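Thanks for coming, everyone. I have one model to walk through today. Please have a look at it before I start.

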Amino acid sequence: MEMSLTLLACTLMAISGLPGLAVPRRAGWGQTVATMLTLLGSVSGLIGGLLALISGHVRMTSLPGIWPGVALHLRMDALSAFFTLLIFVLAAAGSVYGQGYWRQAEHPATGRKLRFLYGLLIASMVMVTLAYGALAFLLAWEIMALTSFFLIATEDHKPECRQAAWVYFVATHIGTLALFAMFALLHAASGTFQLTPVPAATGIGLETAIFLLALFGFGLKAGIMPLHFWLPGAHANAPSHISAQLSGVLLKIGIYGLLRILTLLPNPPAVWGVVILSLGTVNALLGVILALGQHDIKRLLAYHSIENIGIILMALGLAMIGKSLHAPVFVVLGMAGCLLHVWNHGLFKSLLFLSAGSVVHATGTRELDSLGSLAKRMPWSAGLFLVGAIAICGLPPLNGFISELLVYVGLLTPAANATAGGWAAVAFGAGALAAVGALAVACFVKVFGSVFLGSARTDLPTKAHESPISMIGPMVVLAGVCALIGLAPVIVVLPLGHAVAAWAGDVTMAHRLASALPWQTLSVVSTGFAAVIVIVLLIMALPATRRHAVSPRAATWACAYARPSSRMQYTAASFAEMLLGLLRWIARPVTHGSVPEKLFAEPIDRQTHIPDLITDRAAFTGWDRLKRMLVPVRRVQQGSVQEYLLYIVLVLFVLLASLIPVASIVTRIMGR
Amino acid sequence: MFENIINPLIHIGLLVAMPPLLPGVINRTKAVFAGRKGPPLLQPYYDIYKLLRKGMVISTTTTWVFQAAPVVTLAATLLAGLLVPFGPFAAPIHFTGDLILFVYLFGLARFFTTSAALDTGSSFEAMGAAREMTFACLSEAAVLLGLLVLVRLSGSVSLTPMLLAPLAHRPEAPVLLAAAGLFIVLLAENSRIPVDDPNTHLELTMIHEVMVLDNSGPLLGLIQYGSAMKLLVLSALVLHLLVPFHAGVPGVDWVLFPVELIAMAGVIGTVESFMARLQMRHVPTLLAAASLLCGFGFVLMVR
């Protein structure tokens, strides 16, 4: 039942764009049909996923393969269902949003292609989570890579779009290569291409090789630093509802792959967990620091994805350490934090990308310093962005707080209980997480303040309009789910418990999770806190209260300056300048232009930006250097046929010359 | 049974009624050191009462965020106050992980205060917001490291058992280091000297006060009340480390606790009287020192 519903959903998604391909370019109804099919598929998939997650059962099936004798094996357990639920929720939201954001009438050339690929991408991601054999897994993985490549390249008339897409293309295939090797080693260890646990007798060397290949292959997809180089460009240049899919779901499929392979390796040494925990800490810190210096709203959100993947990895590392040391408490807290943060990040990051998309749609720019005052013209988008921002900063009472709380308690508990001192060092992760949280708050205040508050910095925001209901609706749903998980975390205990149990292979985990945190108290405190704030704000907004407290409006106090203008306003760059100054040694900002020096200074142009650690500092410069080094080699290839013929003759000559029995001739001469 | 009702009630009563007294005590202490007579002890109460009855002027640039911010900030501070035990009595709300909620509630308050500052479109207020954010990033890490010392000492992950852990098990050095670190954070977070000067009249040098330049009337009253409450809540936390002595008799302890708080305000006033404000560029060093003190305290216990 669960499996059939999910497969039905998968099929509906895959074919959702097909009818649209057959209709004329200008007709809008192909898009509507696609959205309807996607919604239908999502409902079916959500029911299937919920049934599987709540029951905790494992379902297996196999589909006839491409040629006789080869079947595609599928398996659905609570861990798969946990991810399919996220995929289907975000697929529905993105699909409806696309109805307003990427209207067929406005984008006749790309609209139909986008719809078709969108459906295929969703279907392939679901198939990856269901795959039980290497063949099905890699097949779905490759379809996912190709469709997302074409989706990133939607606006392929723009050079930066093409570049981002090609970088992604190269990255994803390097990753796939690692996965091929990994599956080959898994086959060597377990003797089958199905995803079954390797025998306990497998050598630690082989297991470590599998782990490292999985970390590399899936890490590329999940955007783990330093393998994140494709991520900021791809997320910034794709259409916003596609960015929401990339960041909300596609990265998580990388995490899923890593989780799934870890279930196959029975006895992980503790050092793996330490590696993942340290990697996560570095990712979280660097991600948020690099985000702080960005001026492009979507690129900034992309760096926050790296930060959140870091938090997910910290939680995973904790769970892995717990597993190797046979400490179930840490497995529960770590894995629950990891999985819940996967859900939460998918939800609030999609919400943020969609509301950023509304801004881009309304103003035509992604530059923070060209915006401002949008909360007046786009109150819905502003409010929804605010919800997403509070959630991603991990602030109470929204969902980000709940998953970060699990990670924190997981990191602090060893410090509280462990007798061994080394254990307590894990607690320094909590200190790092606190710094990450504070930096994230700074970063999102910067974005929210410079985009939605204050006065307009250019005339772009003054012409903005609120988005249509088709774009606002999905965002309201996503914000509602964020609020629901935050206000009543007690509802996630059951599904989360089953998913954790499926990962750890231990059914007692579900009970342990229920007692790991005081879920009821947390729900009551959270709801009470939010209710008090909302009620007071509503009373303040009542017309009666407003009339009672007559508040005259006046211009902002500018310290007795008579004519304040928006040019005097702080920019996003100046807001972050002080904090970035302290973090100069990590972020390494690059500044162009001069500072005014004398009185009555001339106008100057000054820019600061933060190049990416890998793409801008290593990959692209390294590539250029390599090209320069290889300039002499170019002389060989001039394009003249005669030269090429000469090469062929030379090669033939060398090959023939190799047939000359030099050795025997030499011995004969020496012998004489 | 009786205690379960009466103690939280006294806790809430103190939390709601006492905050404005502390700035009054600080100001009086400073006046005494300066040889002045100084304002009445209850002056902050009069100020807040006066502000709440006034009308207000609201900038045309602002949105609803500007008016919501003081409410959210006050609500967050109030909830944080319910998580910290006062004296030897358990806090009204306590559960596993509440220390994280405590730290993050101040994050929520900061999110709204700084957003409201940006909402006015004034560069002075944005400057204050940027400073607040920068220093908060440093002090938040320090707070968590300081709390780590207590987590390790008490073996629990909840503020009430952490702060009420038996006295006999407290090694001196780590607790003193954490107390010093947290005291610096207390000064910084409540914008006291040597980090910020609440009495300065130059917008360019202010942090907290400059963020609320455009607030007036009831909103300003809420902000002043909220920051006094934050002072009380953080002082109550640090007091557990500095004065871990209790009479053992509930009646005496409930009298002792407000006295300790007033003494704490006196200490802060004394610090303010003897120190000058640091240059803005030196503040990060001070806060980094606070993190190091707390972190070192924790390292001492990791064997």
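Let me begin with a question: leaving aside its neighbours within four places in sequence, which residues is L484(A) in contact with? Keep in mind that this is a predicted model. The answer is P489(A) and I491(A). L484(A) itself is found in helix α19 of chain A, which covers residues 469–487. Its relative accessible area is 46%. That falls between the 20% limit for buried and the 50% limit for exposed, so L484(A) is partly exposed. Take A415(A) as a reference point. A415(A) and L484(A) are 69 residues apart along the chain. Their C-alpha atoms are separated by 31 Å.

Now a second residue of chain A, S381(A). Is S381(A) buried or exposed? S381(A) is buried, with a relative accessible area of 0%. Its place is in helix α15, residues 379–392 of chain A. Leaving aside neighbours within four places in sequence, the contacts of S381(A) include three serines: S355(A), S358(A) and S467(A). F452(A), E466(A), I472(A) and M475(A) are also in contact with S381(A).

Next, the whole of chain A. There are 28 helices and five strands in this chain. Chain A has 672 residues, and a compact globule of that length would have a radius of gyration near 26 Å. The value for chain A is 28 Å, which agrees. Along the principal axes, the C-alpha trace spans about 120 × 70 × 65 Å. Buried residues make up 56% of the chain. Now contacts in chain A with a separation of 6 or more: residues 24 or more positions apart account for 78% of them. The exposed area of chain A is about 26,900 Å². Carbon and sulfur atoms supply 70% of that area. On charge, chain A has 41 positive and 24 negative side chains. The centres of those two sets lie 2 Å apart.

On to the aromatics. How many aromatic pairs does a search of the whole structure find? The count is 28, over all chains. I will show two of them.

One is F83(A) with Y256(A). The ring centres are 5.2 Å apart and the planes stand at 70°, so this pair is edge-to-face. F83(A) lies in helix α4, residues 78–101 of chain A, and Y256(A) lies in helix α10, residues 240–264 of chain A. The pair therefore ties together parts that are 173 residues apart in sequence. Both partners are buried: F83(A) has a relative accessible area of 2%, and Y256(A) has 0%.

The other is F211(A) with W272(A). Here the ring centres are 4.3 Å apart and the planes are at 5°, so the pair is stacked. F211(A) sits in helix α8, residues 204–222 of chain A, and W272(A) in helix α11, residues 270–292 of chain A. This pair therefore ties together parts that are 61 residues apart in sequence. F211(A) is buried at 2% relative accessible area. W272(A) also counts as buried, at 3%.

Back to F83(A) for a moment. Ring pairs link F83(A) and Y256(A) with F82(A) and W343(A) into a cluster.

That leaves chain B. Chain B has twelve helices and one strand. Where does the strand fall? From the N terminus, the elements run α-α-α-β-α-α-α-α-α-α-α-α-α. The radius of gyration is 19 Å, close to the 19 Å that the globule rule gives for 303 residues, so chain B is as compact as a globular protein of that length. The C-alpha atoms fill a box of roughly 55 × 45 × 40 Å along the principal axes. Of the 303 residues, 64% count as buried. Among contacts in chain B between residues at least 6 apart in sequence, 80% join residues at least 24 apart. Chain B exposes about 10,900 Å², with carbon and sulfur atoms supplying 70%. Its 16 positive and 17 negative charges have mean positions 6 Å apart.

One residue to finish: P218(B). Its place is in helix α10 of chain B, residues 217–242. The C-alpha atoms of P218(B) and I48(B) are separated by 8.1 Å, although the two are 170 residues apart along the chain. Leaving aside neighbours within four places in sequence, P218(B) is in contact with L51(B), L52(B), K54(B), G55(B) and M56(B).

Technical notes. Residues numbered from 1 in each chain as written. Chains lettered and ligands numbered in written order. Heavy atoms only, no water. Helix = DSSP H or I, 4+ residues; strand = E, 2+ residues; numbered from the N terminus. Rg over C-alpha atoms; globule rule 2.2 N^0.38 Å. Buried < 20%, exposed > 50% of the residue type's maximum accessible area, 1.4 Å probe, protein only. Contact = heavy atoms within 4.5 Å. Areas by Shrake-Rupley, 256 points an atom, 1.4 Å probe, with all protein chains shown as cover. Lys, Arg positive; Asp, Glu negative; His and termini not counted. Charge placed at Lys NZ, Arg CZ, Asp CG, Glu CD. Phe/Tyr/Trp six-rings, centres within 6.5 Å; stacked < 30°, edge-to-face > 60°.
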